[in-house]
Amino acid sequence: MPSRREFLQAGLAASVVSVVMPIREAAGASPRSAAAPPGRHPLHCVVCDMRSPWSTDFAREAERLGIKVVRTNGDITDFWFHDLSLRWKEAPVAIGGLTAPGALFCLERLGWDHGLRVVFRGTHRLVDTSRAEHAMSGPSSTIAAAQRRGLGGAEWACHVARLVSSCAVERETSSAPLRGVLAGSEAVEHDRLISEEDALTSWVIAPKRA
Amino acid sequence: MAIPPGVSNRDWQTALQQFVQAVGESGVFTSDEDIGLYRDAYSPLWEEPEERLASAAIAPTTTEQVSEVVRVANRFRIPIFPIATGRNLGYGGSAPNLSGSVVVDLKRMNRVIEVDDRRHFAIVEPGVSYFDLYRHIQDRGLKVWIDCPDPGWGSPLGNALDHGVGYTFGAYRDHFHSHCGLEAVLPNGDVIRTGMGALPGAKTWAEYRYGFGPTVDGLFAQGNVGIVTKMGFHLLPAPEAYQTSVVTVPRRNDIVPLIGLVNELEHAGLIGQPGYGSPLAARRADLEELLKRPGGPPAEDLDRFAQEQKLGSWTCRLQFYGAPAVIAAHIAYAKDRFTRDIPGATFEDGELLRFPLTQEQLDSVRKVAVGIPNLAAFGGRRGSDGHLWFAPVIPKTGEAVLEAQRVFMDVFARRGGPALISPFSMPATWMYRAFVFLMGFPISRSDVTVNQRTRETMREIIKVAAEHGWGEYRAAPAFQDDVMAAYSYNNSALLRLHETIKDAIDPNGIMAAGRSGIWPRHLRGRRA
Ligand SMILES: Cc1cc2nc3c(=O)[nH]c(=O)nc-3n(C[C@H](O)[C@H](O)[C@H](O)COP(=O)(O)OP(=O)(O)OC[C@H]3O[C@@H](n4cnc5c(N)ncnc54)[C@H](O)[C@@H]3O)c2cc1C
């Protein structure tokens, strides 16, 4: 049986042809896109949520790694309408992000229609000013890398950017809870706490493997 | 892979082969992973044995293919369930009423057939989303607006077929009402066109809805007698400008003249969708003691608090569309009427926005109010497992709103737990001639007891609403029997008529069994 991706791609070829519009400057997209090493999902871009300082850290690190960053205020409409929907009509390119759950909820479903799936998913919250809790599932080697490196320290969102940007193309998956201690001087301000309800989510959406 | 109920394994395998012949291999989905995508993300039965699940999905690209798929299904008596874009979140998602049904996924039928900006209509296929239609219009610089629901990823056709609603002007907001003509495949595979479309070579299919003779379009909305493959819609001519004015009234009982006046403005075509609110809603913590009073807080006490705090009791955002001079005249007239009828009414005018909007204006405007599809509804910080909509229709009066508040608050008080309604809750105003007292009940993916509780409350509140003459306009599959049961006038004569029609048009009962509580004869005893 063919995959849902194939069927939807076939259907999309018949859809209305539209003019490709540039991503708006206001969306803060940088022009570069990362070339990933073999065995890694090359990311078209990563999405961040400017309302969260952690997501902003994530974006900065992704940019440093040469990945195009799409800055949102939580609403992915502009990114979807002016960029991704057009891109995915051409090819199911992978994307990543550290966002509120709603953005992932939308992008995941929109991705299904183009033959993409969430291949890496993490949730992140800060239970108090010195303790972070993370849970991740995804390609085994990516999860193993997260476990080896740990997600301790106030730099955890940067580590997540590195994990997302190097997410492995791999069938085998695993999951792991991780705790991160933000030691002494790293303890964060109250406005950086993330409650259970506000948990951030990191993710990679990539073409489904046949 | 599940097998549809009542179908032998041999027939199922043969039918699958014939489905493949009808739509090609790339249009038939049977793997668990693919079928899993059709689960209702907001299911109130998540992971429970009664969760509604599909057995397979089929994705045709043309009406001819749909017709062939239906013929195969009819031959083997395989239950099928059509979806357009399948994003009916809160009302069932893309899952069928009857577990084991084959979802007929029409996303690949995504052609915009026609948009006319001189006669102001569009004709679309089911898989065209609001985003797609908007892009089609923008790319061609056409001078028409669409009216969209909050999430722009849905389908004008799918949304209209569940009586969906939007945010701009008058009857355009009632999406089924604004449809004009449709094409549908009947359970025997026959293709019909309604209205003027029944006339070969018709020139006014999407303009004059009745054609000649009885109209049957309504049978296809929330119905189960066919698969709609094309639909026409009347579109709003793009207005020159848009402006809001928020009227605030000081006293609790001003809600009665406020709604009365807004109705007058709206039904006379002077304003678009009104949006009600209460500034006191944000001050509930300060009003805790008052709110605990048996029978609710006395109006005078709330008025005193509002006055001390220099807050109004109620607000209504009025939306004006048209040429700037017309907007100015309508705002002046509205202000005059409110000032005369409601002492102390005040106004706050928004900026006059002329189209096309600047980027800055676009960033700040409420997009659905100006016909721009978007996904902002999912842009909150909080994650949630979803919600289940309870959507009772109540009269468009202040008295009805206050009564609905009391009645529904009583239900929550009796059941304990958090109340979704307060003395400041206002109804949704999508419908042109009635209010919807919308509530979103919580759903959980991890805690079955939350869903059980939600289901119990839903069942009770549907009954309580019916006792007060309020029925729901729409509901998730798990509650469609309950809602239909409430529409029981004359020993459920309407349901009996639906069943008679169902049996006549779909004798094998293959089409969307159970949709709106209408079951085919062979399943009538066992209702979901
Ligand atoms: C946060 C949020 C906000 C929302 N706001 C709104 C809102 O403002 N207004 C609103 O109306 N809804 C709203 N909804 C509900 C829902 O998301 C929309 O109505 C959505 O447009 C429906 O999904 P769809 O368009 O993909 O239709 P579908 O899911 O494709 O179709 C809906 C139903 O119509 C029937 N149907 C579909 N296609 C066919 C066909 N071809 N032939 C026969 N029957 C068919 C089926 O029974 C199907 O289940 C909201 C939901 C959420 C979660």
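This is a short chat about aromatic rings in a predicted model.

Biologist: How many aromatic pairs does the structure hold over all chains?

Modeller: Counting over all chains, the predicted structure holds 22 aromatic pairs. One of them joins Trp153(B) and Phe378(B), whose ring centres are 5.2 Å apart and whose planes make an angle of 50 degrees, so the pair counts as tilted because that angle is neither under 30 nor over 60 degrees.

Biologist: And where in chain B do Trp153(B) and Phe378(B) lie?

Modeller: They belong to distant parts of the chain, 225 residues apart. Trp153(B) is in the loop between strand 7 (144-145) and helix 5 (156-161), while Phe378(B) is in the loop between helix 10 (359-364) and strand 17 (387-390).

Biologist: Is Trp153(B) buried or exposed, and what about Phe378(B)?

Modeller: Trp153(B) is buried, with a relative accessibility of 3%, and Phe378(B) also counts as buried, at 15% relative accessible area.

Biologist: What sort of pair do Tyr208(B) and Tyr210(B) form?

Modeller: That pair is edge-to-face, with 5.5 Å from centre to centre and 90 degrees between the planes. Tyr208(B) is partly exposed at 41% relative accessible area, and Tyr210(B) is partly exposed as well, at 44%.

Biologist: Changing topic, which residues do ring pairs link into a cluster?

Modeller: The cluster is made up of Phe390(B), Phe408(B), Phe412(B), Phe437(B), Phe441(B) and Trp470(B).

Biologist: Last one: which ring does Arg39(B) lie over, and which one has the charged end of Arg433(B) over it?

Modeller: Arg39(B) lies over the face of Trp46(B), 3.7 Å from the ring centre, whereas the charged end of Arg433(B) sits over the ring of Tyr432(B), at 5.3 Å from its centre.

Key:
Residues numbered from 1 in each chain as written. Chains lettered and ligands numbered in written order. Predicted model: local features only at pLDDT ≥ 70, side-chain atom pairs only at ≥ 80, totals over all residues. Heavy atoms only, no water. Phe/Tyr/Trp six-rings, centres within 6.5 Å; stacked < 30°, edge-to-face > 60°. Helix = DSSP H or I, 4+ residues; strand = E, 2+ residues; numbered from the N terminus. Buried < 20%, exposed > 50% of the residue type's maximum accessible area, 1.4 Å probe, protein only. Lys NZ or Arg CZ within 6 Å of the ring centre and 35° of its normal.
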